[in-house]
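User: I should like to learn how to read the features of a protein model. Could we begin with the aromatic rings and then turn to the strands?

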Amino acid sequence: MRPGKTVHFDPSENTPMDCQFTLSQLVVPRPIAMVSTQSPDGIPNIAPMSYYLPITGSPMLVGVTMGLREDGGQKHSYENATAAGDFVINVTSDFFAEQIEDVAMESPADTNEFDLVNWTPVPATKVSSPAIGEALARLECTISQVVELGEPGVPFGEVHLVVAEVVWVEYDEAILNERGRIDPLLLAPVSRLGLRSFLRTVPEGVYSLPRIPWDDYVAQRES
C-alpha cells in the first residue's frame, strides 16, 4: 500500500485515552510481558503489559510501563511489585493466546488470577513473586528504579516506568533449534496490535536479512 491522503492528529486537541489508543495502534507489534506478582497478603496476580522493552545487557535491564486502572487507582501488579521489590515476566507464547484478555480484566484485588484462567503458579528461583508454570520462558526481575511520567492522577496519563534488573532467566529446551539457540517459531510469541487485536508468530510471517559490514556494502555499490 502506497501513502495517500494524510490524516492529522494533534495530541493537544485529543483526550489522553485517544492519544494512548493512537500510540497503541501505531507502535506495533509490541511484545507482551505477562507479569506475575503476589500481594503482601499472598494473593497472586497476573497482568499482560505491552508497553514493555529491553534496555541494556549490562546490567541486564528491562522497562515495563504500568499505568492506572480505569477507575484512577493503581494497578494491582504495580502495588504488588513495588511492595515486594520484584516481579516475573513470563513470555506470552501461543499457549496463552486465547486468555490474554481474561487476565487483562480489572478484577478485584482479592482475585487469584491463576485460578481464573487455570494456570499453574510455581516458585521463582531468585525472586519472591510466583512464575507461571506453563510459560516456555521467564525473566525474574528486581526493581531498580521507578520513573514517574505523564499527567498525575489521570488514567491514560499517569504512568510508572518500572526499570528492573533481570536476575534470572529460565526457558524450556523445547524452544531451542539444532544450534542451541532460541528459535522464535518454537517460542511462538504473541504480540499486541491495536486495541483488542493480537499477532501470532507463524512461519510465513518470519523472514531474515543479512547485516553487511559498511566497507563490504560500499564495495558492493562500487563494483
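Analyst: Certainly. Please keep in mind that this is a predicted model. We begin with the aromatic rings: a search of the whole structure finds four aromatic pairs. One of them joins F95 and F96, whose rings meet edge-to-face, with 5.3 Å from centre to centre and 90° between the planes.

User: Why is that pair called edge-to-face?

Analyst: Planes over 60 degrees apart count as edge-to-face. The planes of F95 and F96 stand at 90°. Ring pairs also link F95, F96 and W119 into a cluster.

User: Is F96 buried or exposed?

Analyst: The term buried applies under 20% relative accessible area. F96 has a relative accessible area of 0%, so this residue is buried.

User: How should I read a sheet, and in what order do the seven strands stand?

Analyst: One follows the strands from neighbour to neighbour. Here seven strands form an open sheet, in the order β3-β2-β6-β9-β10-β5-β4, with antiparallel pairing. The edges are held by β3 (44-49) and β4 (52-57); each has a single partner strand, so one side of each lacks a neighbour in the sheet. On average, neighbouring strands of this sheet are turned by 35° against each other, direction ignored.

User: How many bridges pair β9 with β10?

Analyst: Strand β9 (residues 137-149) and strand β10 (residues 159-171) pair over twelve bridges, in the antiparallel sense. Within β10, V162 stands opposite V146.

User: Which strands are joined to β6 by bridges?

Analyst: Four bridges join β6 to β2, and five bridges join β6 to β9; both pairings are antiparallel. As examples, S36 has V88 of β6 as its bridge partner, while D86 stands opposite T142 in β9.

User: Why is β6 described as largely enclosed?

Analyst: One counts the buried residues of the strand. Five of the six residues of β6 are buried, so the strand is largely enclosed by the rest of the structure. I89 lies in β6 and is buried, with a relative accessible area of 1%.

User: Which residues is I89 in contact with, leaving aside its neighbours within four places in sequence?

Analyst: The contacts of I89 are A33, M34, V35, Y52, V62, V64, A137, R138, L139 and C141. Separation in sequence can also be set beside distance in space: I89 and A135 are 46 residues apart in sequence, and their C-alpha atoms are 9.6 Å apart.

User: What lies across the strands of the seven-stranded sheet?

Analyst: Helix α2 (residues 76-84) lies across β2 (33-38), β3, β5 (60-67), β6 (86-91), β9 and β10, and runs at about 115° to β3.

User: What is the order of the sheet of three strands?

Analyst: That open sheet has the order β1-β11-β12, again with antiparallel pairing. Its edge strands are β1 (30-31) and β12 (198-200), each of which pairs on one side only. Two bridges pair β1 with strand β11 (residues 190-192), and P31 has S191 in β11 as its bridge partner.

User: Finally, how is a pocket described, and which element gives the most to the lining of the largest pocket?

Analyst: One may give its volume and its lining. The largest pocket has a volume of about 1100 Å³ and is lined by 42 residues, of which Q20, P48, K75, F156 and R192 lie nearest its centre. At least two lining residues come from each of α1 (16-26), β3, β5, α2 and α3 (100-104). The most come from α1, which supplies six residues.

Definitions and conventions. Residues are numbered from 1 along each chain as its sequence is written. This is a predicted model: local features need pLDDT of at least 70, side-chain atom pairs count only at pLDDT 80 or more; totals for chains, interfaces and linings use all residues. Side-chain values use heavy atoms; hydrogens and water are left out. Rings of Phe, Tyr and Trp (its six-membered ring) pair if their centres lie within 6.5 Å; planes under 30 degrees apart count as stacked, over 60 as edge-to-face and the rest as tilted. Buried means under 20% relative accessible area, exposed over 50%, partly exposed in between (1.4 Å probe, protein chains only). Two strands pair if DSSP finds at least two bridges between them. Axes are lines fitted to C-alpha atoms, for helices over the stretch in contact, and angles run from 0 to 180 degrees between N-to-C directions. Contact means heavy atoms within 4.5 Å. On a 1 Å grid over the protein atoms alone, a cavity is a set of points where a 1.4 Å probe fits but cannot get out, and a pocket is an open set with protein on both sides within 12 Å along at least five of seven lines; lining residues have an atom within 4 Å of a point. Grid points are joined across faces, edges and corners, and a volume is the space filled by probe spheres set on the points.
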